[in-house]
Structures are given as C-alpha cells and as structure tokens.
Amino acid sequence: RTIARLWQDAVSAPRERPAYLVEDGEDWREVSWGQADELVRAYANGLLARGVGKGDAFALLARNSLEWALLDFALARIGAVGIPIYANSSAKDVGYLLAHSEAVGIVCEDEDQLAKVQALAGELPALRHVLTLADLPALETEGRTHADESPSALDEASAGIDEEDLYTIIYTSGTTGPPKGCMLSH
C-alpha cells in the first residue's frame, strides 16, 4: 500500500459527503472527492510535464490549505518526495532545508514566502521549479494538456511506487542544532 494507492482507493469509494470543506468568506464551500481528484491529477500531470518524477524532492512552503493538501497528494501520485516547510521559517532555514533535501522544486504560498526562496536562489543549484499558489492554474492547465498527450503517464508513475519508497521528509524545528530530516516511506 502506498499513499498514491490510498488516495486512489479513497476517490473511487462511493461517498455522499464532500472530501473537503473550505472556508470561503462567511461560508463554507464543499469540494467533492471527484473535484479534489481532478485537481490532484491535473497537478500531478503538470509536475510530470515539467520533468518532476519519482524520488525528486519537492517542497511546500505554505500554511495549511486545500491547495497544500492536494499538492501533497499530487506529489505522492508521481512518487516525488514532499518536503513540508513551516510557513514561519526564516529564509536561512528555508535555504537549509531546500539544500539538504536537494529539492528540485517548491510551491510557495505567496510573494512573502517566495522572497525567502529568491533571496537564496543562487545557493540552490538543484532548485529548477519555483511556483506560488497563484501559479497553480497554469500548472493545472499544463497537467490537463499533458494528460491529453500522455493519458497513461500518471497511472504508470503511480504504479511504479513501492511501499518502501520515500514519501516525505519532515524536518524537526532545529532547536538543538540544524533540523534533522525524518524520512517516511509510503
């Protein structure tokens, strides 16, 4: 069993309740399992189109959100390794985690988070993909195009993931020295 397979099983199960409730001003907006899976598939295919794949470390520098969760599942679907980074991390800490994990990409919540990455861009040679949440519609469009051109690519990527493959690296706060990476497999 892998996170990718668990997601696919969750999506294929008959459900009447929504997958997510998202705060939308004064109200809550329902996101169905089908809508969530459509975005996961689009993001995953978009990442594949950009050359991100199994074993590639890819960071998320944002507070909890629906986009964060769906990106994490998209990374799992292609076998990439998620690197969550605390949104309140300093630029120095962000740079350390990106360098230590050899991250090839990152999605930042906003321009403030992006500035932390841009301040260190010259020190991160592996970092090829720098996005913000505002860039996700473009990634989604790329993913849909990629899925049309290579309809089996995502399923093939998911099928290539093994339970022992690395799923995520969760870094400690670093209160007793540099953060340590806890490596979790599928």
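## The second largest pocket

Let's start with a pocket of about 190 Å³, the second largest, in what is a predicted model. Its lining is made up of Arg29, Glu30, Val31, Gln35, Glu38, Leu39, Tyr43, Leu66, Glu67, Leu70 and Leu133. Sorted by class, these lining residues come out as six nonpolar, four charged and one polar.

Strand E2 (27-31), H2 and helix H3 (66-78) each supply two or more residues to this lining. The top contributor is H2, with four residues.

## Helix H2

That makes H2 a good next stop. Helix H2 covers residues 33-49, 17 residues in total. From first C-alpha to last, H2 reaches 24 Å, close to the 24 Å expected at 1.5 Å a residue.

Which residues of H2 are buried? They are Trp33, Ala36, Asp37, Val40, Ala42, Tyr43, Ala44, Asn45, Gly46 and Leu47. Tyr43 is thus a buried residue of H2 that also appears in the lining of the second largest pocket. If you follow the chain just past H2, you meet Gly51, which has a positive phi of about 90°.

## The largest pocket

Now for the largest pocket, which holds about 260 Å³ of space. It is lined by 16 residues, and those closest to its centre are Pro84, Ile85, Tyr86, Ser89 and Tyr171. Strand E4 (81-85), helix H4 (91-101) and strand E7 (166-171) are the elements giving two or more residues to the lining.

What classes of residue make up this lining? Ten are nonpolar, five are polar and one is charged.

Key. Residues numbered from 1 in each chain as written. Predicted model: local features only at pLDDT ≥ 70, side-chain atom pairs only at ≥ 80, totals over all residues. Heavy atoms only, no water. Expected span 1.5 Å × (residues − 1). Buried < 20%, exposed > 50% of the residue type's maximum accessible area, 1.4 Å probe, protein only. 1 Å grid on protein atoms, 1.4 Å probe; cavity = no way out; pocket = protein on both sides within 12 Å on 5 of 7 lines; lining within 4 Å. Points joined across faces, edges and corners; volume = space filled by probe spheres on them. Nonpolar A, V, L, I, M, F, W, Y, C, P; charged D, E, K, R; others polar.
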